[in-house]
Amino acid sequence: MKKTYYLLTLLVLIVFSLCNTKIKEAKEENLIAQIDEIWATEQLPIRSRDSLISIYGVDHNLVKVQDSIIDKNHAINEKKVKTILDKHGWPTKDMIGERGNWTLCNVIQHSDNEVRIQYLPMMRQAVKDKKLEPRFLVRAEDRIATERGDLQIYGGQMKYYPETKSFNLWPVFDPENIDKRRTAIGLDSIAIFLKNRFDFEWNLEEQIKRTKAFEMKQQEGSKNELTK
């Protein structure tokens with residue numbers, strides 16, 4: 001018993017020491033300051049672009065100039081975020097501050113699907129380790145699915161449909177059970193989420209029909225590919 005106790009105590013001390021070392025390294029690198037700079041250069045130009053769109057419309061030259069700034073800043077920020085994650089793994093709040101997770105996840109969300117897929121296992125583990133809120137993981141999971149042209153899992157992605165001139169959900173896998181999936185990882189129901197986030201009303205029957213139509217279109221596409 002004494003030997004087991006000493007081994008457990010030693011293990012706890014080692015883990016504690018490793019955590020303190022990571023936090024110390026983060027402070028020496030001033031990761032919080034880096035994250036704050038990434039947040040400002042990633043998000044503020046997007047807000048400016050959206051304000052310009054509301055005034056001038058999407059095709060105005062000022063909007064196009066702002067889009068160029070957004071793309072340039074993102075390329076720099078993506079490299080910085082990848083460097084942080086590759087070196088430290090998913091950081092703790094002590095390492096990157098209150099706004100850290102939001103910043104890291106937004107940069108990943110704005111990246112290509114290849115980057116999201118690369119860091120998805122790390123994000124999943126971070127959720128298990130209580131380093132990352134499930135809502136950030138859900139955004140990445142659903143964005144990966146929609147970029148692939150698949151049904152989304154949790155219902156976080158909306159799309160503008162020109163034919164109806166309105167926003168609607170990208171079709172959802174098994175809509176009848178979406179709340180079971182969301183509840184399992186600690187999220188609000190889809191109806192509450194959509195109302196709070198997009199002021200959009202969840203209609204189960206409508207979404208079931210949209211999912212079936214989506215699946216039929218996918219099947220037709222697969223058949224066409226086989227007959228080529």
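## Helix 3 and helix 5: exercises

In this predicted model, helix 3 passes helix 5 in a left-handed crossing.

**Exercise 1.** Work out which class of orientation, parallel, antiparallel, perpendicular or oblique, describes helix 3 and helix 5.

*Solution.* Begin with the geometry: the axes of helix 3, which spans residues 61–88, and helix 5, which spans residues 100–110, come within 10 Å and cross at roughly 120 degrees. Next, compare this angle with the cut-offs, under which 65 to 115 degrees counts as roughly perpendicular and over 145 as roughly antiparallel. The two helices are therefore oblique to each other.

**Exercise 2.** Identify the residues through which helix 3 and helix 5 meet, and sort them by class.

*Solution.* On the side of helix 3, the contact is made by His 74, Asn 77, Glu 78, Val 81 and Leu 85. Helix 5 contributes Leu 104, Val 107, Ile 108 and His 110. Sorted by class, this contact has five nonpolar, three polar and one charged residues.

**Exercise 3.** Place the helix pair in the context of the whole protein chain, starting from its secondary structure and going on to its burial and surface.

*Solution.* The chain has 10 helices and two strands, and their order along the sequence is α-α-α-α-α-α-α-β-β-α-α-α. Turning to contacts, of those between residues at least 6 apart in sequence, 58% join residues at least 24 apart. As for burial, 36% of the 228 residues are buried, while the accessible surface comes to about 14,700 Å², with 56% of that area belonging to carbon and sulfur atoms.

How values were computed. Residues numbered from 1 in each chain as written. Predicted model: local features only at pLDDT ≥ 70, side-chain atom pairs only at ≥ 80, totals over all residues. Heavy atoms only, no water. Helix = DSSP H or I, 4+ residues; strand = E, 2+ residues; numbered from the N terminus. Buried < 20%, exposed > 50% of the residue type's maximum accessible area, 1.4 Å probe, protein only. Contact = heavy atoms within 4.5 Å. Areas by Shrake-Rupley, 256 points an atom, 1.4 Å probe, with all protein chains shown as cover. Axes fitted to C-alpha atoms, helices over the stretch in contact; angles between N-to-C directions. Parallel < 35°, antiparallel > 145°, perpendicular 65-115°, else oblique. Left-handed = near helix turned anticlockwise from the far one by under 90°. Nonpolar A, V, L, I, M, F, W, Y, C, P; charged D, E, K, R; others polar.
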